[in-house]
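Here is a short tour to read with the model open beside you. Feel free to rotate it as you go.

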Amino acid sequence: MKAIRVDGNDVFAVLTAMREARKICLNESRPVLIEAMSYRLANHSSTDESTYYRSPHEIHYWRKHDPIMRLQRYMENRGIWDAEKEEKWLKLSNQIIEKAIEEGVLEKPMSPESLFTDVYAEMPPILRKQMMEAKLHFEKYRDKYPLDDYMPWK
């Protein structure tokens with residue numbers, strides 16, 4: 001299989017790799033693996049503290065190579081992005097996020113069924129069996145689970 005390795009922190013390098021891969025897929029009818037070499041700036045989770053295993057120098061170095069910041073600098077240097085646009089974009093983005101959070105808070109959480117249905121396009125028989133067993137378990141011990149607080153099972 002053809003493989004393309006690319007700097008995953010460079011938006012334009014990734015775009016170029018995607019275009020090349022698309023060309024190969026369309027013209028040669030074969031798959032292409034794109035390996036985007038990147039760096040995770042954020043912690044794995046809220047309980048992970050990456051400063052325990054990363055030096056301040058390493059963190060500082062990779063912050064300068066953050067793909068969003070690199071793209072922002074590129075756009076600023078070409079006059080297509082500036083502080084005013086940034087401020088408007090941040091304000092609009094925050095409004096969109098706040099609206100989505102407000103709407104999300106009003107909805108009930110997904111049913112436990114979604115643990116099974118959101119995994120495969122076509123559920124394997126063993127998973128379907130496990131889902132039915134879980135459903136029977138929840139029904140049998142309904143007094144132990146606050147299922148009315150969740151979206152209903154289908």
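## Thr117 and its contacts

Setting aside residues up to four places away in sequence, Thr117 touches Met123 and Met131. This is a predicted model, so please read every value here as computed from it. Thr117 belongs to helix H5, which covers residues 114–117. Is Thr117 buried or exposed? The answer lies in between: its relative accessible area is 33%, and because the partly exposed range runs between 20% and 50%, Thr117 counts as partly exposed.

For a sense of distance across the model, try Ser45. Thr117 and Ser45 are separated by 72 residues in sequence and by 25 Å in space, C-alpha to C-alpha.

## Two nonpolar cores

Met123 and Met131, the two contacts of Thr117, are also members of the largest nonpolar core. That core has 8 residues in all, and the others are Phe116, Leu127, Ala134, Phe138, Leu147 and Trp153. Helix H6 (residues 125–140) gives the most to this core, with 4 residues. In soluble globular proteins, nonpolar side chains tend to be buried together.

Leu127 is a handy place to zoom in. Beyond its neighbours within four places in sequence, Leu127 is in contact with Phe116 and Tyr120. Another core, of 6 residues, lies apart from the largest one and includes Val6, Ala17, Ala21 and Ile24.

## Helix H4 and its cap

How well does the span of helix H4 agree with what its residue count predicts? Helix H4 runs over residues 83–106, which is 24 residues. At 1.5 Å a residue, H4 should span 34 Å, and its end C-alpha atoms are 35 Å apart, so the two agree.

At the N-terminal end of H4, Asp82 acts as a cap. A side-chain oxygen of Asp82 lies 3.1 Å from the backbone nitrogen of Glu84.

## The largest pocket

H4 also takes part in the largest pocket, where H4 and helix H3 (67–77) each supply at least two lining residues. The pocket has a volume of about 170 Å³. Its lining is made of Ile68, Leu71, Gln72, Met75, Trp81, Glu86 and Trp89. Which helix gives the most to this lining? It is H3, with 4 residues.

## Ser29, a loop residue to check

Ser29 sits in the loop between helix H1 (11–28) and strand E2 (32–37). Ser29 is not a glycine, yet its phi is positive, at about 50°. With a relative accessibility of 67%, Ser29 is exposed, because that class takes values over 50%.

Technical notes:
Residues are numbered from 1 along each chain as its sequence is written. This is a predicted model: local features need pLDDT of at least 70, side-chain atom pairs count only at pLDDT 80 or more; totals for chains, interfaces and linings use all residues. Side-chain values use heavy atoms; hydrogens and water are left out. Buried means under 20% relative accessible area, exposed over 50%, partly exposed in between (1.4 Å probe, protein chains only). Contact means heavy atoms within 4.5 Å. The expected span of a helix is 1.5 Å times one less than its number of residues. A polar contact is a pair of N or O atoms within 3.5 Å; within protein, one must be able to donate a hydrogen and the other to accept it, and residues adjacent in sequence count only if both atoms are side-chain atoms. A nonpolar core is a set of buried Ala, Val, Leu, Ile, Met, Phe, Trp, Tyr and Cys residues joined through side-chain atoms within 4.5 Å. On a 1 Å grid over the protein atoms alone, a cavity is a set of points where a 1.4 Å probe fits but cannot get out, and a pocket is an open set with protein on both sides within 12 Å along at least five of seven lines; lining residues have an atom within 4 Å of a point. Grid points are joined across faces, edges and corners, and a volume is the space filled by probe spheres set on the points.
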